[in-house]
Amino acid sequence: MKSVRVLVANEPTIYREVISAALRELRPDVEVFTAAPEDLDGEFLRLLPRLVVCSVLTALVERDASAWVELYPGGTSGAVVGGIDGRRYILGGPDFSDLLTILDDATRPLGLE
């Protein structure tokens with residue numbers, strides 16, 4: 001049974017679909033859901049995902065998600081990551097391996113670092 005959920009709600013749509021498909025392929029034990037950015041809060045409350053990938057961070061996700069990644073904030077080429085152990089940091093030029101590492105960190109049982 002899959003117990004870890006990821007919600008991908010970023011723009012453009014093609015990025016959202018490619019990220020979701022790659023996560024499903026590379027982490028088959030994780031449930032991956034997609035949503036339009038305008039539906040982020042509602043889908044977050046419905047699914048209660050462990051990780052949220054979005055293009056516009058909402059106050060709800062920032063406050064309540066275990067981990068989140070805001071891709072390309074303000075049109076930059078970076079990402080802002082937060083939630084894991086209360087940390088918040090910037091990735092200058094994130095690639096897919098960074099996203100996998102963040103997912104793995106977010107799903108690691110506590111105390112196993």
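A residue counts as exposed when its relative accessible area is over 50%, as buried when that value is under 20%, and as partly exposed in between. Keep that scale in mind, because Gly74, with a relative accessible area of 85%, is exposed by it. One more thing before we set off: what you're looking at is a predicted model.

Let's stay with Gly74 for a moment. You'll find Gly74 in the loop between β4 and β5. Now look across to Ser55: the two residues are 19 apart along the chain, and their C-alpha atoms are separated by 9.0 Å.

The loop that holds Gly74 has another residue to visit. Tyr72 also sits between β4 (67-71) and β5 (79-82). Its phi is positive, about 50 degrees, although Tyr72 is not a glycine. Is Tyr72 buried, exposed or partly exposed? With a relative accessibility of 33%, Tyr72 counts as partly exposed.

Tyr72 isn't alone on the surface, either. Together with Ile14, Tyr15 and Val18, Tyr72 makes a nonpolar surface patch of about 390 Å². To join such a patch, a residue needs over 30% relative accessible area and no salt bridge. Tyr15 is a good one to pick out, since its relative accessibility is 40% and so Tyr15 counts as partly exposed.

Tyr15 also takes us to our next stop, for this residue belongs to helix α1, which covers residues 13-26. Helix α1 packs with helix α4 (residues 96-107), and the axes of the two are 12 Å apart, at an angle of about 60 degrees. That angle is neither under 35 degrees nor in the range from 65 to 115, so α1 and α4 are oblique to each other. As for the handedness, α1 passes α4 in a right-handed crossing.

Now step back along the chain to the loop that leads into α1. Pro12 lies in this loop, between β1 and α1. Here's a detail worth zooming in on: the peptide bond from Glu11 to Pro12 is cis, and its omega is near -5 degrees. Asn10 is in the loop between β1 (4-9) and α1 too. Where does Asn10 fall on the scale of exposure? Its relative accessible area is 0%, so Asn10 is buried. If you'd like a sense of distance, try Arg87: Asn10 and Arg87 are 77 residues apart in sequence, and from C-alpha to C-alpha they are 21 Å apart in space.

Another buried residue is Ala36, which counts as such because its relative accessibility is 19%, and the cut-off is under 20%. Look for Ala36 in the loop between β2 and α2. Its C-alpha is 8.9 Å from that of Arg16, although Ala36 and Arg16 are 20 residues apart in sequence.

Time for some charged pairs. How many salt bridges does the structure hold? There are six, and we'll look at some of them. One of them joins Glu31 and Arg5, whose closest N and O atoms are 3.3 Å apart. Glu31 is in strand β2 (residues 30-34) and Arg5 in strand β1, so this pair ties together parts of the chain that are 26 residues apart in sequence. Glu31 is partly exposed, since its relative accessible area is 22%, and Arg5 is partly exposed as well, at 28%.

A second salt bridge brings together the side chains of Glu62 and Arg88, at 2.4 Å from N to O. This pair also links distant parts of the chain: Glu62 is in helix α3 (residues 59-64), while Arg88 is in strand β6 (residues 88-91), 26 residues away. Glu62 has a relative accessible area of 38%, so it is partly exposed.

Then there's the pair Arg63 and Asp64, whose side chains meet in a salt bridge of 3.0 Å, N to O. Arg63 counts as exposed because its relative accessibility is 59%. Asp64, at 40%, counts as partly exposed.

Our last stop is Leu48, in the loop between α2 (40-47) and β3 (51-54). Leu48 has a phi near 50 degrees, which is a positive value in a residue other than glycine. At 60% relative accessibility, Leu48 counts as exposed.

Definitions and conventions
Residues numbered from 1 in each chain as written. Predicted model: local features only at pLDDT ≥ 70, side-chain atom pairs only at ≥ 80, totals over all residues. Heavy atoms only, no water. Patch = residues over 30% accessible without salt bridge, like charges linked within 9 Å, V, L, I, M, F, W, Y side chains within 5 Å. Areas by Shrake-Rupley, 256 points an atom, 1.4 Å probe, with all protein chains shown as cover. Salt bridge = Lys/Arg side-chain N within 4 Å of Asp/Glu carboxyl O. Helix = DSSP H or I, 4+ residues; strand = E, 2+ residues; numbered from the N terminus. Buried < 20%, exposed > 50% of the residue type's maximum accessible area, 1.4 Å probe, protein only. Axes fitted to C-alpha atoms, helices over the stretch in contact; angles between N-to-C directions. Parallel < 35°, antiparallel > 145°, perpendicular 65-115°, else oblique. Left-handed = near helix turned anticlockwise from the far one by under 90°.
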